[in-house]
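Visitor: Hi, I'm new to this one. Could you show me around?
Guide: Sure, pull it up and ask away.

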Amino acid sequence: MREFITGTYPMGLYTIKDGAEPAEGDMIAIDSSAEAQQADDVAGLVVVGCCYKLQPNGTELEVRDGIQPYTNSETHPLTRDDRGSYCYVEAVNTVSSDPGDNEVLAGVVVDVYNEEVFVDNRPASIAAAKGNTITGPAGADGDSPFGDSYTVLEADDTNGTTSIVSGLSAITSLNVQIRRAGVDVTEDAVVTVTDGTITVADGAATYALTAGDVIYWLASGTV
């Protein structure tokens with residue numbers, strides 16, 4: 001089993017794609033049908049975490065997100081200077097500084113140690129890497145990232161809006177992803193920033209705040 005530093009336990013249950021043979025500890029990605037397979041440099045894949053457990057039925061697996069170590073690329077290796085940068089899936093359980101043919105994002109580089117790259121592949125980090133960025137008030141140089149998740153309550157569902165206190169006094173950039181039963185439903189959700197508070201509300205057409213939705217966010221700014 002791959003070493004875990006931090007993460008959810010587990011994050012979601014996914015159907016395994018026909019013909020795929022993931023193993024416990026593998027980096028996992030889903031395709032447009034939300035079916036799980038080993039993450040690879042294949043068009044349309046989105047990394048969702050690491051395989052925590054294969055189900056006895058042989059057709060499903062549990063995914064845990066967090067910070068895990070993966071093999072460093074030999075042709076486009078990452079270094080400690082890349083900490084805080086995004087990395088890409090080069091091959092099964094191998095990450096690279098190069099986007100490859102299909103730019104499959106693995107997550108954020110936390111550290112490089114003993115020829116392994118420790119990657120944060122929590123959904124907020126993947127959302128950040130995909131460029132789901134909303135710019136907030138200007139902050140100071142040297143901003144540091146804050147991130148967490150929030151599960152939507154019945155009251156939020158009724159009100160059609162919820163506010164999250166980030167712990168920052170001012171947010172300079174914000175990355176948000178909303179997941180429902182393991183599927184990205186962010187769509188046209190209205191996300192706004194006031195000082196250090198993040199507000200998520202129903203969209204104009206598609207997204208409706210629903211109890212049980214998980215809002216993953218990654219913000220940077222001034223404390």
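Below, we chat about the sheets first and then about a few single residues.

Guide: One thing up front: this is a predicted model, where local features need pLDDT of at least 70 and side-chain atom pairs count only at pLDDT 80 or more, while totals for chains, interfaces and linings use all residues. Residues are numbered from 1 along each chain as its sequence is written, and side-chain values use heavy atoms, with hydrogens and water left out.

Visitor: Okay. What's the strand order in the open sheet?
Guide: The open sheet has 5 strands in the order 1-5-4-2-3, with antiparallel pairing. Strands here are DSSP runs of E, at least two residues long, numbered from the N terminus, and two of them pair if DSSP finds at least two bridges between them.

Visitor: Which strands stand at the edges?
Guide: Strand 1 (12-15) and strand 3 (36-38). Each has a single partner strand, so one side of each is left without a neighbour in the sheet.

Visitor: How many bridges hold strand 2 and strand 3 together?
Guide: Strand 2 (residues 27-30) pairs with strand 3 over 3 bridges, in the antiparallel sense. Ala29 sits opposite Gln37 of strand 3 there.

Visitor: And what about the closed barrel, which strands make it up?
Guide: The barrel runs 6-8-7-9-10, so to speak a ring of 5 strands with mixed pairing. Inside that order, strand 7 (residues 86-91) and strand 9 run antiparallel, joined by 3 bridges. Tyr88 stands opposite Leu105 in strand 9.

Visitor: New topic. Is Glu62 buried or exposed?
Guide: Glu62 is buried (under 20% relative accessible area, with a 1.4 Å probe and protein chains only). Glu62 belongs to strand 5 (residues 60-64).

Visitor: What's the nearest side chain of opposite charge?
Guide: Lys53, 4.8 Å away, and Glu62 has no salt bridge. A salt bridge takes a side-chain nitrogen of Lys or Arg within 4 Å of a carboxyl oxygen of Asp or Glu.

Visitor: Then what does the Glu62 side chain make a polar contact with?
Guide: With the side chain of Gln55, at 3.3 Å. A polar contact is a pair of N or O atoms within 3.5 Å, one able to donate a hydrogen and the other to accept it; residues adjacent in sequence count only if both atoms are side-chain atoms.

Visitor: Where is Glu103?
Guide: In the loop between strand 8 (94-96) and strand 9 (105-113). Its phi is near 55°, a positive value in a residue other than glycine. Glu103 counts as exposed (over 50%) because its relative accessibility is 52%.

How values were computed: Helices (H or I, at least four residues) and strands (E, at least two) are DSSP runs, numbered from the N terminus. Lys and Arg count as positive and Asp and Glu as negative; His and the chain ends are not counted.
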